[in-house]
Amino acid sequence: MIKVPLLKSDLDHRMRKSYLIAMLAILLVLDLFVGGGGVSLATGAVLWKLRVPRVLTAVIAGGALALGGAQMQAVFRNPLADPHIMGVSGGAGLGAAIATMVLGTSAAVFSGVTVAVAAFLGAFAAAALVVAVSARFKSATTLLVFGVMLGFIFSALSSVLQYTAGEESLKLFYSWMAGSFSGCRYVEIVLMAGALVIGLLLAAINGKGLDIILFGEEYARLSGASTRRILVLSMLSTCLMTGTVTAFCGPLGFVGIVAPHIARRLTGSSAHRQVLPYSLATGAALALAADILANLWPIPLPVGSTLALIGIPLVLFLLLRNSASNVRH
Amino acid sequence: MNHLTIGYGGRTLVRDISFELSRGEVVLLAGPNGTGKTTLLKRLASGGTGPENCATLGSSEGGAHSWEGRRSRSDRRFSGPVPPEATAVLIPTNIPKVKGFTVETFIETGCYRESDWKGRISREARERMEEALELLGIQHLKHRDIATLSDGEFQKACLATGLTRKAEILFLDEPTAHLDVENRIDVLRTLGEVARKTGTAILFSSHDLHDALQVADRVFALTREGRFIASADPEAALAEAFPGYF
């Protein structure tokens, strides 16, 4: 007789999970019909050279950022943690700023590729710094503070560079900063997919570590886990994925924060063998929705903005829902 | 445990701790705040080797005090000292009740060392878990989210984790903290039952001395002066640890 409510909630969660998968499929198809200044049917080169790459980029980028967020939220036991907060995006931004403003538009091989490579290097420099420093910090909270401070320093340095930059370089820098899923070629998509696969594998290996760390570092150690291994694995996974995606798509926020929350709600579980795959799917769906919203207009909007427009209300909704349920509890 | 000294940051908290535990006994660790109860429990659970510490629990070399219980129970099925290589599990105080874990997944997660890379526990461990849930009377809570449990129920889920991990010695840091009277007595009674039925030796710290004494076979006391007292007479031990109260 006790099994009745259990079965019902299990069914409920199974239903919600299938809604998510259906939603993802619908958004995926819809996104293919959007572009070129509105809704239109594309065939041939437009379909294969513009729309399919854009849709794939959105799916991979959204999934990767969401996986990063899920891991950061577990390791730092902070509902608002995501890759941005660790200074990784800040590092990417500084890299991009240096590429556009110091090297200048006159550089011989200058193109978006230079910006991407520089952003990637910046993200990795930041990530390497955080991982290296994590050996010295025993507590995840201290590391979190370090990451936030690092992010501030990077953005301060980027501002200094912008202040002294010419108009052309600023334009280029801003277009990267605004974020976009367009313009990636298949080579770049393969690179991002590779980063996503490796990042997902690292996260999966670390799954039970991410679970136990939710109960605190002391409990994890008492249960025989190495908190350092958990931290390093999750940082490596997150930085690899975020660095690669940020390099090609620009710094994109909110997916990393929102997607894991939705995934936990959908599955009714905080265990990572549930949270990780459903964060991936939710992140992809959110990115697709933002991409559709961005490309509906004659002039495409920056994806960074449309993600914020979709993401912020969701964050607020979840926070309010959570505090309401806490009151009831 | 022979001649263990604990402390941190160069400060010695307690010197010369020697005792042994016997199977199926419940021991209360008492002492005023800041005398090192938690430090001692953590140290014992980690089994760390200090300078003057032979770090084996239950070795009988010290032998200064009898491990025969104060009130020897007629129904005691387990006797004799806990073997030196016994598995010890410490259940710390204030484990957060993280939303999104059922009692079952919480126990599986706590079996970090014992589970495979996916976090699944063996069939044998699963059987131990079922037995523990039944013994503790929380079988019906197996699929409940731990965030919805009462503190007393959650404490039992923590105990079940220890038993699933095959603990032969359970250390509990303040298992009755924040519990109301009813839950407190319930949890303490459960401790006694677990010890008696499974032969697990239990050492727990508590500030609820009067209730805890009802279930404890013996008392270890830590004094403000950094002494460790394991007396067969609980009242005498407590009188030294809390001068003026007993």
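Q: How are α3(A) and α5(A) turned relative to each other?
A: In this predicted model, the axes of helix α3 (residues 88–102) and helix α5 (residues 140–163) of chain A come within 8 Å and cross at roughly 15 degrees. Therefore α3(A) and α5(A) are roughly parallel to each other (angles under 35 degrees count as that). Axes are lines fitted to C-alpha atoms, for helices over the stretch in contact, and angles run from 0 to 180 degrees between N-to-C directions. Helices are DSSP runs of H or I with at least four residues, numbered from the N terminus.

Q: Ok, and which residues make the contact?
A: Among them are G90(A), L94(A) and I98(A) of α3(A), and L150(A), F154(A) and L161(A) of α5(A). Two residues are in contact if their C-beta atoms, placed from the backbone, lie within 7 Å.

Q: What's the mix by class there?
A: The contact of α3(A) with α5(A) has nine nonpolar, seven polar and no charged residues. Ala, Val, Leu, Ile, Met, Phe, Trp, Tyr, Cys and Pro count as nonpolar, Asp, Glu, Lys and Arg as charged, and the others, Gly among them, as polar.

Q: New topic: how many residues of chain A are in contact with chain B?
A: 22 residues of chain A, with 20 residues of chain B.

Q: Which element gives the most on the chain A side?
A: That's α8(A), with four residues.

Q: How is everything numbered and filtered?
A: Residues count from 1 along each chain as its sequence is written, with chains lettered from A and ligands numbered from 1 in the order in which they are written. Local features need pLDDT of at least 70, side-chain atom pairs count only at pLDDT 80 or more, and totals for chains, interfaces and linings use all residues.

Notes: Helix = DSSP H or I, 4+ residues; strand = E, 2+ residues; numbered from the N terminus. Parallel < 35°, antiparallel > 145°, perpendicular 65-115°, else oblique.
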